[in-house]
Amino acid sequence: MDFNLDPGWQLLPIGGDTGTAYMGTRAQEKVFLKRNMSPFLAALSVAGITPKLIWTKRISSGDTLTAQEWLNGRNLNSDEMSQKMVPELLSKIHRSKQLRSMLRQVGGETITPSGLLANYFDDLSNDLKNHPLLTDIFHQLNERQPELSTDDYTVCHGDLNHRNWLRSDANQLYLVDWESAKIADPAMDLSLVMSEYIPSMQWRDWLESYHESLEDNDLLNRINWYYKMAILQRIKKAHGLGRFHEMNQALVELQKYNAEMN
């Protein structure tokens with residue numbers, strides 16, 4: 001692909017399945033290049049959430065190419081997700097009214113509980129519609145939808161896998177890969193981190209670093225709701241792809257989580 005870069009640039013494809021990310025080098029210069037990044041990236045860069053945005057240009061294909069500062073560092077491992085810097089950065093993101101305003105300006109989608117339920121049920125196979133556990137969970141979620149006002153919704157990353165957290169050699173933490181960013185209840189993000197990476201006995205300390213309290217029953221109920229919803233979506237996706245072993249693992253996880261939380 002012709003990126004219309006100045007002479008001397010060399011590109012090396014890196015990571016991921018989309019084929020849109022590259023390391024660009026020229027002499028002593030090195031940058032992270034990606035095609036068709038959201039314009040929301042500029043706001044994230046200014047806020048120090050992602051590595052610094054250097055330039056953006058439109059290339060001959062009509063795609064947009066962005067260059068970000070190349071940082072030496074590494075992704076967090078699973079155990080490091082319990083470290084204080086993770087909830088602190090997530091709290092900064094969720095509490096930023098400027099980021100929320102910018103995401104809305106570039107057309108960021110707002111996600112509601114009713115919308116998630118409708119999306120799950122749309123084109124759901126009869127096998128899953130008739131599954132006793134899934135039917136019970138769906139009815140639970142439908143009857144207990146979180147009632148947080150959309151005025152209190154925040155920017156949510158939507159894919160807080162530990163591989164999307166970058167720790168630089170200077171010990172600065174960044175959150176990358178914002179393609180799934182939405183405006184939603186912050187409990188949606190919290191549910192994915194806390195249930196996946198944080199042992200329940202550490203929830204109190206982790207939430208304190210996020211500047212919330214374990215005694216906030218409404219928050220805990222919302223976290224519980226969104227995590228169950230995420231497992232339902234994972235089961236539907238695995239079933240549609242014919243990944244039945246993965247689907248069965250998620251079913252076991254859902255049954256165990258439901259028993260622990262009820």
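## A look at His-239 and its chain

Let's start with one residue: His-239 sits in helix α9, which covers residues 217-240. Keep in mind that this is a predicted model. Is His-239 buried or exposed? Its relative accessibility is 17%, and the cut-off for buried is under 20%, so His-239 counts as buried.

Which residues does His-239 touch, leaving aside those up to four places away in sequence? The partners are Ser-125, Asp-127 and Leu-128, plus Phe-244 and Met-247.

Now zoom out to the whole chain. You'll find 10 helices and 10 strands in its secondary structure. The chain's radius of gyration is 20 Å, close to the 18 Å that the globule rule gives for 262 residues, so the chain is as compact as a globular protein of that length. If you follow the C-alpha trace along its principal axes, the spans come to about 60 × 40 × 35 Å.

Here are some shares worth having side by side:

| What is counted | Share |
|---|---|
| Residues of the chain that count as buried, out of 262 residues | 43% |
| Contacts with a separation of 6 or more that join residues 24 or more positions apart | 67% |
| Exposed area of the chain supplied by carbon and sulfur atoms | 47% of about 14000 Å² |

So much for shares; what about charge? How many positive and negative side chains does the chain have? There are 27 positive ones and 34 negative ones, and the centres of these two sets lie 4 Å apart.

Technical notes. Residues numbered from 1 in each chain as written. Predicted model: local features only at pLDDT ≥ 70, side-chain atom pairs only at ≥ 80, totals over all residues. Heavy atoms only, no water. Helix = DSSP H or I, 4+ residues; strand = E, 2+ residues; numbered from the N terminus. Rg over C-alpha atoms; globule rule 2.2 N^0.38 Å. Buried < 20%, exposed > 50% of the residue type's maximum accessible area, 1.4 Å probe, protein only. Contact = heavy atoms within 4.5 Å. Areas by Shrake-Rupley, 256 points an atom, 1.4 Å probe, with all protein chains shown as cover. Lys, Arg positive; Asp, Glu negative; His and termini not counted. Charge placed at Lys NZ, Arg CZ, Asp CG, Glu CD.
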